[in-house]
Amino acid sequence: SSGINAEWPLRPGDDPILITDYKGEDQGQMFVNISPCDEEGKCMGEEYFVEDSNELLGKPYHYKVTMKSCEIRDSRFNVGSFIKYKIDGDEEYTVTPTVNQSLAPEFNHSRVVKIDKVTQETLEFFENSCITFLLYGCQEDRESDVKLIKLTTKELRQREETTGNMKTNALTRQLTKNTVDESAALKTEILVLKRRNDILAKKEKSTDCDSALIPLL
């Protein structure tokens, strides 16, 4: 499997968030909702929001993480995909079910996070941290894939750079060849025009000479 990720700040909402690969390139979007809720997981309305987070200190607090769906651009992940994530304090990842044969998987996964007592560390986590969602795609094994899966991220980047340099060098050689060909063609054209000009000049000179030899009657 191969992974890409999305980071979600701990703020209520369900706007789509960008999915990026290890190079930071756009791979799609993820639809996640994080909202305050009661102990049973029922989301609370805006009337329960507080302007000063310090009002939550010492009180129990619950919020619900809902993983709705994704839109994935890379067709390699069409075989199957799943998401895993950790929330502050988790020892193990929470993993969604795998959705097969879709580039728009609907996970319909939710989890209620229960905090018995809000501390200052809890508020700092809410205000300054985020949850990283890791999207994993199942791929059909090919010989090249088996070799790539053993490479580290650093080795993958070096491989990408090497491939990119090879393409650049090939393009440079092609451009150089085209430039040389164009230069040779221009030189040939100039020589042809020069020869035509010389022939016309000779004809014009011959005509002048013939005119000079015409007897006056």
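**Entry 1: Tyr85**

I looked up Tyr85 first. Tyr85 has a relative accessible area of 0%, so I logged it as buried. Buried here means under 20% relative accessible area, exposed means over 50%, and partly exposed lies in between, with a 1.4 Å probe and protein chains only. The model is predicted, so local features need pLDDT of at least 70 and side-chain atom pairs count only at pLDDT 80 or more, while totals for chains, interfaces and linings use all residues. Residues are numbered from 1 along each chain as its sequence is written, and side-chain values use heavy atoms, with hydrogens and water left out.

**Entry 2: aromatic pairs**

Next I checked the rings. Rings of Phe, Tyr and Trp (its six-membered ring) pair if their centres lie within 6.5 Å; planes under 30 degrees apart count as stacked, over 60 as edge-to-face and the rest as tilted. I found 6 aromatic pairs by this rule. One of them joins Tyr85 and Phe133, a tilted pair at 5.0 Å centre to centre with 55° between the planes. Tyr85 sits in strand E5 and Phe133 in strand E9, so this pair ties together parts 48 residues apart in sequence. Phe133 is also buried, because its relative accessible area is 0%.

I then turned to Phe125 and Phe126. They form a tilted pair too, with 6.3 Å from centre to centre and 40° between the planes. Phe125 is buried at 12% relative accessible area, and Phe126 is buried at 13%. Ring pairs also link Tyr61, Tyr63, Phe125 and Phe126 into a cluster.

**Entry 3: the chain as a whole**

I stepped back to the whole chain. How many helices and strands does the chain have? I noted 3 helices and 9 strands. Helices (H or I, at least four residues) and strands (E, at least two) are DSSP runs, numbered from the N terminus. From the N terminus on, the order of elements is β-β-β-β-β-β-β-β-α-β-α-α. The chain has 217 residues, and 28% of them count as buried. The accessible surface is about 15400 Å², with 51% belonging to carbon and sulfur atoms. That area comes from the Shrake-Rupley method with a 1.4 Å probe; for residues, only the protein chains shown count as cover.

I looked at contacts as well (heavy atoms within 4.5 Å). Among contacts with a separation of 6 or more, 68% are between residues 24 or more positions apart.

**Entry 4: strand E5**

I went back to the strand that holds Tyr85. E5 is mostly covered, with 6 of its 6 residues buried. Gly80, Phe82 and Lys84 point one way, while Ser81, Ile83 and Tyr85 point the other way.

Which strands pair with E5? I found E9, over 6 antiparallel bridges, with Ile83 bridged to Leu135. Strands pair if DSSP finds at least two bridges between them. E5 also pairs antiparallel with strand E7 (residues 99–100) over 2 bridges, where Asn100 is the partner of Gly80. Strand E6 (residues 94–95) pairs antiparallel with E5 over 2 bridges as well. There, Val95 is the partner of Lys84.**Entry 5: the nonpolar core**

I searched for the largest nonpolar core. Such a core is a set of buried Ala, Val, Leu, Ile, Met, Phe, Trp, Tyr and Cys residues joined through side-chain atoms within 4.5 Å. This one has 27 residues, and Met30, Tyr63, Val65, Ile83, Ile87 and Phe133 touch the most other members. At least two residues each come from strand E2 (16–20), strand E3 (26–36), E4, strand E5 (80–85), E8, helix H1 (120–128) and strand E9 (130–138). E4 gives the largest share, 6 residues. In soluble globular proteins, nonpolar side chains tend to be buried together.

I listed the contacts of Val65, leaving out residues up to four places away in sequence. They include Ile34, Tyr85, Ile87, Val113 and Phe133.

**Entry 6: strands E4 and E8**

I checked how E4 and E8 are joined. They run antiparallel, with 8 bridges between them. Tyr61 has Ile115 in E8 as its bridge partner. The side chains of E8 (residues 106–115) alternate. Phe107, His109, Arg111, Val113 and Ile115 point to one face and are buried. Glu106, Asn108, Ser110, Val112 and Lys114 point to the other face and are not buried.

Is Ser69 buried or exposed? Ser69 counts as buried because its relative accessibility is 18%. Ser69 belongs to strand E4 (residues 61–72). Beyond its neighbours within four places in sequence, Ser69 is in contact with Met30, Phe31, Pro105, Glu106 and Phe107.

**Entry 7: cysteines**

Last, I looked for disulfides (cysteine sulfur atoms within 2.5 Å). The structure holds 0. Cys130 is partly exposed, at 32% relative accessibility. Cys138 is partly exposed too, with a relative accessible area of 24%.
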